[in-house]
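Reader: I am new to reading structures, and I would like to go through this one slowly. Could you show it to me and then take my questions one by one?

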Amino acid sequence: MAAFRGASAKVFGLKDNKSALPYLLLIPGLLWLAIFFIVPIFSLGQMSTKVPGADIGEFVQEYRFSNYIDAFNSSKEQFLRSFLYGLLATIIALAIAYPLAYAIAFKSGKWKNILLVLVVAPFFVSFLLRTIAWKQILGEEGPVVSVLRTLNIISVNTSITSSAFAVVTGLAYNFLPFMTLPLYASLERIDPRTLEAAGDLYANGFTTFRKVTLPLSMPGVVAGTLLTFIPAAGDYINATILGSPSNKMLGNVIEARFFKIVDYPAAAALSFTLMAAILILITIYTKRTGTEELV
Amino acid sequence: MAVDASTSARGDLILKNLTKSYGDFSAVDDLSLVVPKGSFFALLGPSGCGKTTTLRMVAGLEEPTSGSIFVGETDITDMKPYRRPVNTVFQNYALFPHLTIFENIAFGLRRRGITESEVKTAVDKVLNLIELPQLATRKPNQLSGGQQQRIAVARAIVNRPALLLLDEPLGALDLKLRRQMQIELKWIQTEIGITFVHVTHDQEEAMTMADTIAVMNKGKIEQMGTPEELYDSPKTAFVANFLGQSNLIPGEVSGSDGDNLIVDLFGTKVAVPKARSSARGNSALVGVRPEKFRIAAEGKSTHGNVLTGGVVSDVSYIGVSTQYQVEMPWGKEVMVFEQNDDEEEMLRKGAKVVLSWEPIFTFALDGSENVSAGSH
């Protein structure tokens with residue numbers, strides 16, 4: 001029996017790789033990050049504490065941190081709405097994408113590749129066009145409204161564009177591939193024999209899903225929800241095209257401050273606040289779901 | 001209900017006319033067999049012979065095209081896998097990577113509504129049985145192959161199934177570990193007394209562990225018996241060649257002498273016990289295992305069946321024995337294993353030799369058999 005214990009130790013032989021190549025390969029990426037991420041973030045940070053100068057578009061650095069409080073106070077409502085819409089869109093996308101990814105991973109057979117292409121296919125059309133198309137689909141003459149009216153679910157006078165419903169479904173629709181692909185990737189990695197083993201150990205279909213499939217697909221769930229929630233919470237296109245003025249999200253406020261009111265410091269402060277809030281939320285989320293443990 | 005798994009009628013595993021077809025191809029072809037309760041049974045055959053498909057049908061992971069499966073009196077043919085009194089040790093183990101070893105083993109028990117303390121007792125007991133109690137809190141990927149293998153066995157036997165199915169369970173282990181696990185599995189089987197049905201393509205593994213071996217080929221059972229029966233009295237060329245090696249020499253049955261058949265091999269008459277002959281007509285394949293031959297330089301005295309006129313065409317010394325290829329007068333080579341247990345000098349390539357062996361060590365197959373069927 002002692003032979004068993006010795007056998008495994010050798011597997012973990014470590015290699016010391018002193019080659020400089022990995023670092024050289026990092027350089028282009030680091031340069032890219034420095035020029036297009038770190039520098040802009042830094043100047044955005046600087047802008048966020050400036051105050052308007054004499055001319056329009058001229059700002060003076062005064063380290064006014066109250067910019068943050070003012071900007072936040074003036075757009076609390078949109079701030080909350082961004083997170084609420086982002087959250088709802090993420091939940092809807094998860095509900096649609098999980099069965100889809102599951103079917104592609106386990107049940108699609110020879111259709112697997114075609115289905116994967118279909119999942120990505122919407123990306124061949126621009127984000128803006130897709131959102132406008134969604135407006136058509138939900139619009140007065142569109143199929144959704146006519147079906148709902150025929151079934152008497154909504155009255156003749158009710159429309160569903162320019163509503164929270166339209167914005168949330170638009171977000172869910174637009175970010176669906178970001179949810180589907182990571183879910184597919186983690187489901188596809190599950191050894192089908194572990195599912196057979198669960199059945200062999202008296203677990204029925206539902207228990208197998210709850211105790212084996214779902215826990216093993218958690219890395220995909222976490223990745224998919226993050227990839228959906230983060231852009232959805234920061235989005236402004238869907239609210240612009242599909243919403244009414246009462247559906248504005250934080251992205252719309254930032255856009256307006258930058259391009260319409262030319263209040264750069266407030267826009268910068270809001271951008272930072274949004275980033276910080278998302279960062280805090282996802283830190284809590286990943287800690288809670290304990291993804292590191294799973295792989 | 002699955003809860004019954006430990007209490008349901010235990011008994012023999014009975015397969016009746018079991019068939020699994022994929023289109024025109026029959027992976028398992030009208031297979032009938034009885035595995036006695038409490039035995040260690042091996043399904044042995046080359047890859048693609050239908051042994052794994054048979055096992056998966058018993059486990060409920062494949063649906064038979066026709067036929068039925070019984071455990072004792074219970075027909076389990078259409079039972080869902082999770083209701084069968086059967087557990088499986090999967091190839092590559094299929095442990096749950098997200099659960100600890102303890103939870104892996106407890107998985108089946110927890111599905112059956114047993115109290116926490118009973119689960120703990122049962123898991124601890126089986127971990128002690130396989131001598132790995134210290135691994136309870138680890139995850140599968142922190143274990144060596146041999147350890148994972150034993151956990152896979154523990155996870156199955158902890159449920160006390162009527163039947164344990166093992167699908168090439170040692171295939172992923174290196175040779176030394178495999179030998180050790182063979183002995184250990186056999187020991188576990190004797191210890192707990194559950195029926196083991198073991199699928200393997202490794203004839204040595206099957207012979208080491210099993211009480212009864214069924215040799216499968218092309219979806220059918222070629223022959224079933226104890227390892228000794230299969231080795232000493234194969235009934236088909238496939239079995240003769242797949243289990244160990246055989247020299248099969250074509251001849252004509254020319255008469256009979258008491259308990260022996262007399263067969264003419266290219267002009268030389270040899271005796272074959274009638275009890276070990278499955279020749280139906282006049283033509284027969286006379287089979288001699290390589291280690292049953294005695295080899296001597298021409299002119300030495302011999303007894304038993306004798307074949308003269310051989311010329312050594314190849315010699316390999318492999319320690320315990322020396323393997324000779326001997327070209328016979330009829331142009332074919334035979335294989336001879338000679339134990340290195342005497343002072344006799346090794347015969348050189350080109351030496352003229354006489355082969356002899358005791359009639360009792362001869363078997364005969366029907367002449368219509370394909371000489372090279374099942375050769376490695």
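Reader: Which helix of chain B lies across β6 and β7?
Author: This is a predicted model, in which local features need pLDDT of at least 70 and side-chain atom pairs count only at pLDDT 80 or more, while totals for chains, interfaces and linings use all residues. Residues are numbered from 1 along each chain as its sequence is written, and chains are lettered from A and ligands numbered from 1 in the order in which they are written. Helices (DSSP runs of H or I, at least four residues) and strands (runs of E, at least two) are numbered from the N terminus. The one that lies across β6 and β7 (163-167) of chain B, running at about 175 degrees to β6(B), is helix α4 (residues 145-157).

Reader: Which strands stand at the edges of the six-stranded sheet of chain B?
Author: Two strands pair if DSSP finds at least two bridges between them, and strands of a sheet pair through backbone hydrogen bonds, either parallel or antiparallel. In this open sheet the order is β6-β7-β8-β3-β9-β10 (chain B), with mixed pairing. Each edge strand has a single partner strand, so one side of each is left without a neighbour in the sheet, and these strands are β6 and β10 (220-225) of chain B.

Reader: Which residue stands opposite Leu44(B)?
Author: Strand β3 (residues 40-44) of chain B pairs in the parallel sense with strand β9 (residues 212-217) of chain B over four bridges. Opposite Leu44(B), in β9(B), stands Val215(B).

Reader: By how many degrees are neighbouring strands of the five-stranded sheet turned against each other on average?
Author: This open sheet has the order β13-β12-β11-β14-β20 (chain B), with antiparallel pairing, and its edge strands, β13 (268-273) and β20 (362-366) of chain B, each pair on one side only. Angles are taken between N-to-C directions, from 0 to 180 degrees, with axes as lines fitted to C-alpha atoms, for helices over the stretch in contact. With direction ignored, the average turn between neighbouring strands is 45 degrees.

Reader: Is Met79(B) buried or exposed?
Author: Met79(B) is found in the loop between β5 (74-75) and β6 (86-89) of chain B. A residue is buried if 20 or more other C-beta atoms, placed from the backbone, lie within 10 Å of its own, exposed if 12 or fewer, and partly exposed in between. Because 16 other C-beta atoms lie within 10 Å, Met79(B) is partly exposed.

Reader: Which residues does Met79(B) touch?
Author: Two residues are in contact if their C-beta atoms, placed from the backbone, lie within 7 Å. Not counting residues up to four places away in sequence, Met79(B) touches Gly60(B) and Arg84(B).

Reader: How many Å separate the centres of the two domains of chain B?
Author: Chain B is divided into domain 1 (2-232) and domain 2 (249-366), with bounds that come from an automatic or database domain assignment. Taken over C-alpha atoms, the distance between their centres is 41 Å.

Reader: What is the radius of gyration of chain A?
Author: The radius of gyration is taken over C-alpha atoms, and the globule rule is 2.2 Å times the number of residues to the power 0.38. A compact globule of 295 residues would have a value near 19 Å, but chain A has 24 Å.

Reader: How many residues of chain A are in contact with chain B?
Author: On the side of chain B that touches chain A, β6, α2 (101-110), α4 and α5 (175-192) of chain B each supply at least two residues. The contact joins 24 residues of chain B to residues of chain A, and the latter number 21.
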